[in-house]
Amino acid sequence: MDTPGTRFTIQPRDIPKYLTKLLSMKNLSLFIIGLTLTFTTSHAEQPLRKDLLEKILTASPTKARVQPRKAQKVLIYTRATGFVHSSIPYGASAIEAMGKNTGAFEPTITDDPFMFEADKLKEFDAVFLVNTTGDLFKAKKPGENIDTATSERLRENLEQFILNGGGLGGCHAATDCFYSWPGFGLMLGGYFSGHPWHENVGIKLDEPDHPLVAAFGGKDFQIADEIYQFRAPWSRGRLRVLLSLDVNKTNMNKGGINRTDGDFGVSWIRNHGKGRVFYSSLGHREEIYWNPTVMKYYLDGIQFMLGDLEVDASPSGDQRKFKALFSGSDTSAFEFKPAGWIAEDGALALQRGGGDAWTKETYGNFVLDLDFKLSKGANSGIFIHTANKGDAVQSGIEVQVYDTFGKENPGKNDNGAVYDVMAPSSNPLKKPGEWNRYTITCYDNKIEIVLNGTQIIDMDRDKWTEPGKNPDGTNNKFRTAYKDMAREGFIGFQDHGNAVWYSNVSVLPLNKERRAMVNSLAGMSEEQRLPKLLEQLAAAETSNARKDTEAVLIYAARSVTDQSRRADLILSALKGASKEVRISLLSMMGNIGGEKVLGVLRESCKDADPEIRTAAVQGLADWPDMTVMNELFEIAKTAKEENIKSIAIKGYATKLTQPSNRSDEETLDLYKQVIAIAPQTERKPLFDGVAEMQSLTTLVALEGWFQDASLQTDAGLAIIKLAGALSSKYKSESESVLMKVAASAKDGGLKGSAQQAIDRIHQYEDFVTTWLFSGPHMDKNEKDLLKTPFPPEFGLAKAASEDIDLDAEETENEPDATKPGARWQSAAGKGDTTWMVDLMDLARGDNRVGYLRTWVHSDKAQKLQLQVGSDDGIKVWLNNKVVHTNDANRGIKPGDDKIDVDLKAGWNEVLMKIRQGGGSWAACARFRATDGKGATGLILPGDKGSLEAAIKDLQDPKQSQNAAAALITMCIAAPDKAKEQNSALKAAFGIIKDNGLKEAARPLAK
């Protein structure tokens, strides 16, 4: 089947004579007949090398593992609208060759997107993507006419093809595609998230006895290639991971390592509907395609996706341990605004305006156990499987937490409901002020919810097949059919403006085996559960079975609320147990807790048997609080066994990240001590912990460590990470340290990473990165939110001429409307998006507005161009005058709106009001010259010299108010500056008349 493009055909004369000795005449003829490659114009200019094609033909399998059940056809797709790999035509040749040589399938190579029209696609049994990148159904060549409707139709065709039984395969960059189409990531298994390694690495077989990895003979191996890491929806809870990176045989001191769990999948399989999916990230380099072992593995993978090679593709299961997310004081498993949630009387308590709290990790199949307590009339929610924290309601599932105590017939929006989708069967909710217990189980398509011992939800998500529709015919508000919602994501607690408390929060990741064990416990008493699991632990025949039983045993043990009784049950099992069971019990005791358990662990750390000592140290390392810090340090310092030293250091490092009353200086001193005794392999995680302490004090400390040649690489990587996080607040300081790393690093990779970090700081030059935020503000009239004034506008010259109801109720912030201001907090971009403020990080929800406010200094009166972008509508004031309004529904794009403005000499106030209409919510602004080039004579808050300019202008009566406001804004954004300039801040505090700013600065001015 010919398609547009350049065709390269291997002729009989191109086949070297020696190949005829390697191949039968039958197989040789299969090579010659139609071994045709169609590839993109970018490849046409570089003819394929004959010697490399010979290598591919030589390495190609000569026999399929199994006989095809029918004649099979595979569409080999090579389109790349992003980065174009030079190995594409060789990869396509290799896949084509193995099909023709073995007769396993008939190959067709194309980069024509119209091959995905339904009538053409139905001619094939599977699709294999060879290093495809970007939007694979986007116009690329002259004459191609692919509009949005066409692209969406082709996407739908591909998805239906897989759901209805077709195969999908891909190598390497196949995961670097369709980022705007979440369904593709769900089908293939994940999205590309950087490639730290392009070198020799270790690859381990996750399941050496799995039939699909038979090509490797049960042995791990090393290979040179560009190795990917992946992000959500990648999860072992959704995939059968067959190959992964062996971190013990790979250089882990590389820049750009994003994953913190050390889990880097390389190849996996999965079922999708009736279809089968195979993916391997090997294949950046050309020589991968003439590696006979890898090619044999690829052929087996293709035979799996064709349905000929039948193997178990059920998810590996999330092998992570049971995890206590919050046990009374340690909030480190969650991310939230500073002081947004606090540990209070053993509970995680929401503070006013605290925003949502989110787990740092994602979860797929799991049991979530927690207690919650409501204030009277309170409303909250538990988010699960949330793919996008910025659009939580539309990208995940919400279990209602709502004071509907006593309601006899609860509906789809009442407590216990799967929000707007399914009502609970009953309402066993307790009164406000009393503790309730939720157990939420997610496994594949099933969601089960138990409240206070009563099952209230038994849901099959696959029955929700239409966007906006429930199976009972009622409407819901979701743009995505519930069956198509992500099945792996973050867990979160919602801030809906009311006081709420959560405690005893724990999660048990589930695989098939754990799910079966949990089900077997249903209806059992506490006295029955633990003995049964202890029996299973003793009977476990494999290490995986033992680990699964350990995880469920911890889960069951922690459900025994009497800690002393819980400890007695575990310790009684320890007596007379076999060595294997004793090791299991000791290693899990850190998750059991209690003084009795701690005493046994301490004694066992002195045991003569090194395996027993190792398990006991693991128990100490997992201890939930900082009680054992000193003991872990002593073990790390004195242990002769490297594995025990490593466990102790990792446990100590975890304790250092937990909330404490230590100053940064004290914590840095503890890091200094442990780094001094840590083996080189354990230093990077310690430096990663240092980089999480986001302050100038930490940056200075890292600069000192960088001077030590033995620590330079690890300290340099931490500097790059920390400087990137601090650059929006401390631009000049961050750039200065990065320049030192770039100039003096001995490691070329580190030098390059530092320079890239510097380039990122300058990438969005002239964007304002220091803002104050007020919001969210809401009104019953959602259509006119930009026209409706809220407290930040009170007192503005323009707003003063409007009719403003000072007594109007503001439903969430409840400000004192008699004051000419509003509550303000710091706002800044993060990481690679410092140029914009993601308002969803500050206040979530739809149909509301937020305000961003800042001050910029011009050395003269001048005309400039203010470039703003927003998601969605925006209104802009400059020096109290409205200069722009655009009530649009759009995504954020830098410079979408360009406004000619007049800046006065000195400090100029900028206020922006951004409407949230649904989905994401963000804004950005920068000043440029009127010709669009860089502006001159402008100082942005946070720039070098900005603080000094504000302090100087405090003395100028004409400038003092704006200068004081600018100084306060910079100090709120960067508290370290407040410490350094305390006297100036106090002076500004005395000058400022804006009560909203004064209130925001009060804690700093003490």
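Reader: Where does Asn 452 lie?
Author: Asn 452 is in the loop between strands β25 (446-451) and β26 (454-460). Helices here are DSSP runs of H or I with at least four residues and strands are E runs of at least two, numbered from the N terminus.

Reader: What should I know about the model before going on?
Author: It is a predicted model, in which local features need pLDDT of at least 70 and side-chain atom pairs count only at pLDDT 80 or more, while totals for chains, interfaces and linings use all residues. Residues are numbered from 1 along each chain as its sequence is written, and side-chain values use heavy atoms, with hydrogens and water left out.

Reader: Back to Asn 452. What is its phi?
Author: Phi of Asn 452 is near 50 degrees, a positive value in a residue that is not glycine. Most residues other than glycine have a negative phi, and most peptide bonds are trans.

Reader: Is Asn 452 buried or exposed?
Author: Neither; Asn 452 counts as partly exposed because its relative accessibility is 23%. Buried means under 20% relative accessible area, exposed means over 50%, and partly exposed is in between, with a 1.4 Å probe and protein chains only.

Reader: Which other non-glycine residue has a positive phi?
Author: Asp 420 has one, at about 65 degrees. Asp 420 sits in the loop between β23 (397-402) and β24 (436-443). Its relative accessible area is 15%, so Asp 420 is buried.

Reader: What about Gly 406, where is that?
Author: Gly 406 is also in the loop between β23 and β24. Gly 406 is exposed, because its relative accessible area is 54%. From Gly 406 to Asn 427 the C-alpha distance is 7.3 Å, with their positions 21 residues apart in sequence.

Reader: Where are cis peptide bonds found?
Author: One joins Gly 775 and Pro 776, with omega about 0 degrees. Pro 776 belongs to strand β29 (residues 771-777). Another joins Asp 871 and Asp 872, with omega about 15 degrees. Asp 872 is placed in the loop between β33 (862-871) and β34 (874-878).

Reader: Switching to the whole thing. How many helices and strands?
Author: The protein has 31 helices and 39 strands. Its radius of gyration is 31 Å, close to the 30 Å that the globule rule gives for 1006 residues, so the protein is as compact as a globular protein of that length. That radius is taken over C-alpha atoms, and the globule rule is 2.2 Å times the number of residues to the power 0.38.

Reader: What are the spans along the principal axes?
Author: The C-alpha trace spans about 95 × 75 × 70 Å. Buried residues are 57% of the 1006.

Reader: What share of contacts comes from residues 24 or more positions apart?
Author: Among contacts with a separation of 6 or more, 73% join residues 24 or more positions apart. A contact is heavy atoms within 4.5 Å.

Reader: Give me a buried residue with its contacts.
Author: Met 305, in helix α9 (residues 292-305), is buried because its relative accessibility is 0%. Leaving out residues up to four places away in sequence, Met 305 touches several residues, among them Val 74, Phe 128, Leu 168 and Arg 276. Met 305 and Phe 278 lie 27 residues apart in sequence, with 6.2 Å between their C-alpha atoms.

Reader: And Arg 683, is that buried or exposed?
Author: Arg 683 is buried, with a relative accessible area of 15%. Arg 683 is in helix α21 (residues 683-691). Not counting residues up to four places away in sequence, Arg 683 touches Ile 675, Ala 678, Ser 710, Leu 711 and Asp 714. The C-alpha atoms of Arg 683 and Lys 650 are separated by 9.8 Å, and the two residues are 33 apart along the chain.

Reader: How many disulfides does a search find?
Author: A search of the whole structure finds zero, a disulfide being a pair of cysteine sulfur atoms within 2.5 Å. For Cys 171, the nearest cysteine sulfur is that of Cys 177, 10 Å away. Cys 171 counts as buried at 0% relative accessibility. Cys 442 counts as buried, also at 0%.
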